[in-house]
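The following exercises invite the reader to examine a protein model element by element. Please look at the sequence and the structure before attempting them.

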Amino acid sequence: MKAPYFVELLSRNGDVLHRYRSEALPLRIGRAYDNDIILDDAHTAPHHAVVEQAEGDEGLVLRDLGSQNGIIFQGKRHHSLPLAGSTIVRLGHTRLRIRSADFPVPEEVTDTTMHAWEGGAPAVAGLALIALFIGVEEALSDTESFQAIRYLLTIASGLGAGLLWSAIWAVANRLFGGHARLGRHLFILGAGLVVIGGWKVLSTVLAYAWSAEVFTRYGNHVTLLIGCGMVFFHLRTIRPHHPPRRILATCAVFMALGSGLVLMSNLQTTGRLSDELYMSVLMPPSLRQSPDHSVDDFFRQTGDLKRKVDADRARMPADGEADGDDED
C-alpha cells in the first residue's frame, strides 16, 4: 500500500458517505479535535484507534487505543487488525474502511439508467395506465346503469392508492439509490396492472373457448407471478447495478410463499386446490371453439355419475347399523 491513504465512512448498505485523504501515517481516528479523522459519533472514544504501517512494511494495521467499545470486525472485537482495501470495521456506530492510492477499481459500469425516461413522462404514462385498468375493471364488473361520477370516484381512489404505493418505493429509491424516480415506479405499477387485466381477459376467453378451466382455476398464480415481476422491476430501479440473480431469488421466494398460501387457503375453504369449482364466466357462443356435445352424451355422463354416487352410497353403513354400533 502506498500513500496517500483514504478513510471512507460507509452507510449500512455500503455506500460511501464521506471520504478523507491523508498523506502519511500514523493516522489517528476519534472524536477529539487533535485527530486526523474526527468522528461525530458519541460511541467512539476521543482517541479511539490509529492506523499504522504493519511490521515489515506488509500493509496497514488498525490498533485500538484503549477505547471502551473497541474495534469490531465481523461481529468480534479486536485489539489490532490487519487492513485490506475491502476490510470494513466498526468503531462505535461508525462503519469505515481504509484504502490506499494503489487500490484497484473495476471498470466503469455501462449506463443503463435511461435518462430520457425520467420525470413527468413515465409518471403521466403510469397514471394513465392505472386509470385505464381501473376504468375497464369497473366497466366489466358494473351491473348498474352508467353513472360517470361513480366511475370518476373509483378511478380517483385507485389513483390515490397507486400514488401511495409508488411513493413508498420512491422513498426507498431515494434512501438506497440516491434518486426518488417516482415516475418510473408509477409506470411500473401501471404497466403491471394492465398486464394483469389483460391476463384476466385472455385466460377467461381461453377457458371458455376451449373448455380449458385450468386458466381460471389456477389463474391467480399467474397474477401473483406478474405481481412478483412488478416487485422485481421496482427493486431493479432502486439498485440497477445490484446482481439481478439475488433479486430474482428474492422474488422467487415471494412467489413460492404466495402460491403456497393461495393453495392452502383454497384447500381449507373448498377442499380443493383450485380457485374455482366451476367456470363462473359465460361468453357469447360464437367464441366457443370446443366441439359441442350431444344430448345423448349429456345423459350418458349423467348416468355414469348416478351409478358412481349409488356405488358410494352402497358402501356407506346404514343409519340403523351406525346406531347399533354406537349402542355397543
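Three exercises follow, each with a worked solution.

The model is predicted: local features need pLDDT of at least 70, side-chain atom pairs count only at pLDDT 80 or more, and totals for chains, interfaces and linings use all residues. Residues are numbered from 1 along each chain as its sequence is written, and side-chain values use heavy atoms, with hydrogens and water left out.

**Exercise 1. The open sheet**

Determine the strand order of the open sheet and identify the strands at its edges.

Solution. Helices (H or I, at least four residues) and strands (E, at least two) are DSSP runs, numbered from the N terminus. Two strands pair if DSSP finds at least two bridges between them.

Step 1. Strand S3 (residues 27-30) and strand S5 (residues 49-53) run antiparallel and are joined by three bridges; Arg28 has Val50 of S5 as its bridge partner.

Step 2. S3 also pairs with strand S4 (residues 37-38), here in the parallel sense over two bridges. Ile29 stands opposite Ile37 in S4.

Step 3. The open sheet has five strands in the order S4-S3-S5-S6-S9, and its pairing is mixed. S4 and strand S9 (80-83) are at the edges with a single partner strand each, so one side of each has no neighbour in the sheet.

**Exercise 2. Helix H6**

Describe the span of helix H6 (residues 244-270) and name its buried residues.

Solution. Step 1. H6 has 27 residues and reaches 38 Å from its first C-alpha to its last. This is close to the expected 39 Å, a span defined as 1.5 Å times one less than the number of residues.

Step 2. Ile247, Cys251, Met255, Gly258, Ser259 and Asn266 of H6 are buried, meaning under 20% relative accessible area (exposed is over 50%, partly exposed in between; 1.4 Å probe, protein chains only).

Step 3. Helix H5 (219-238) is included in what covers these buried residues, where contact means heavy atoms within 4.5 Å.

Step 4. Just after H6, Gly271 takes a positive phi of about 80°.

**Exercise 3. The exposure of Leu140**

State in which helix Leu140 lies, and whether Leu140 is buried or exposed.

Solution. Step 1. Leu140 is found in helix H1.

Step 2. Leu140 has a relative accessible area of 59% and is therefore exposed.
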